[in-house]
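Colleague: I am new to this one. Please walk me through its pockets and its ligand.

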Amino acid sequence: MKQLIIFGPPGVGKGTQAELIAKKLNIAHFSTGQILRDAVANGTDLGKKAKEIMDSGALVPDEIMIGIVKDALSSPDIKNGFLLDGFPRTLKQAEALETIFKELQFNNVVVISLTANDDEIVKRLMLRGRSDDTEETIKHRLKVYLEQTSPILAHYDGNYTIIEVNGVGDIEEINEKILKFLI
Ligand code: AMP
């Protein structure tokens, strides 16, 4: 059973690669950003709470996100495995996830770490044009990533297998590189 996390700065191509990997391996793809966007579109309580936070580029509170992921990992959809995309984003989330993995006895977690330099990331986010991709929000999301999310990588070191792949280049080629490690 594949137990995967995709990690990297906003705009590095996590979502695109995650979709391709999940399809190829026939595993569940949990994008916390997409789950939140769906909640906003459906006007649920979660969506109402998340919308303003997402529009500002800040993070939705840890307790809410941890609950969402706990539910996802308890669903029967993950019988072949799962790929977490956009979670964890803080050390607190990473620690909670470690506990969840222990409880569920998921002992073979692999982290796919996608890398890109800052200039490339800003360029990509400006081109993507999602509603939370304004210049101001992009700057804030990068700041949040550097301050709150990037330290998680050190936490993974020693706990999980990490595979590092450059996220800049041809989508198919990057995907092949990742899959070579996983299959
Ligand atoms: P993403 O699609 O991963 O770029 O996420 C879009 C937005 O959803 C982020 O800028 C956050 O506001 C929110 N979000 C997604 N995942 C998380 C998470 N794990 N923790 C907190 N906020 C999140």
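Colleague: How do the residues of the lining of the largest pocket divide into nonpolar, polar and charged?

Modeller: This is a predicted model, where local features need pLDDT of at least 70, side-chain atom pairs count only at pLDDT 80 or more, and totals for chains, interfaces and linings use all residues. Residues are numbered from 1 along each chain as its sequence is written, and side-chain values use heavy atoms, without hydrogens and water. Ala, Val, Leu, Ile, Met, Phe, Trp, Tyr, Cys and Pro count as nonpolar, Asp, Glu, Lys and Arg as charged, and the others, Gly among them, as polar. On that basis the lining of the largest pocket has 19 nonpolar, 17 polar and 10 charged residues.

Colleague: How much space lies in the largest pocket?

Modeller: A pocket is an open set of points on a 1 Å grid over the protein atoms alone, where a 1.4 Å probe fits, with protein on both sides within 12 Å along at least five of seven lines; lining residues have an atom within 4 Å of a point. Its volume is the space filled by probe spheres set on the points, which are joined across faces, edges and corners. For the largest pocket that gives about 1,100 Å³.

Colleague: Which of the lining residues are closest to the centre of the largest pocket?

Modeller: The lining of the largest pocket counts 46 residues. Closest to the centre are Lys14, Arg37, Asp85, Arg128 and Arg130.

Colleague: Where does the ligand sit?

Modeller: A molecule sits in a pocket if more than half of its atoms lie within 2 Å of the pocket's grid points. By that test, the ligand is in the largest pocket.

Colleague: Which helix gives the most to the shell around the ligand?

Modeller: The shell has 15 residues, each with a heavy atom within 4 Å of the ligand. Helices are DSSP runs (H or I, at least four residues), numbered from the N terminus. Four of the shell residues come from one helix, residues 32–42, and that is H2.

Colleague: What share of the ligand's exposed area does the protein bury?

Modeller: Start with the polar contacts (pairs of N or O atoms within 3.5 Å). A ligand nitrogen is 2.8 Å from a side-chain N or O atom of Thr32, and a ligand oxygen is 2.6 Å from a polar backbone atom of Ala58. Taken alone, the ligand exposes 480 Å² (Shrake-Rupley method, 1.4 Å probe), and the protein buries 95%.

Colleague: Which helix supplies the largest share of the lining of the second largest pocket?

Modeller: About 150 Å³ of space lies in this pocket. Its lining includes Glu98, Phe101 and Lys102. Three residues come from residues 91–104, helix H5.

Colleague: Which residues does a cis peptide bond join?

Modeller: Omega is about -5° at this bond. One partner, Pro88, lies in the loop between strand E3 (81–85) and H5. The pair is Phe87 and Pro88.

Technical notes. Polar contact = N/O pair within 3.5 Å; in protein donor to acceptor, adjacent residues only side chain to side chain. Helix = DSSP H or I, 4+ residues; strand = E, 2+ residues; numbered from the N terminus.
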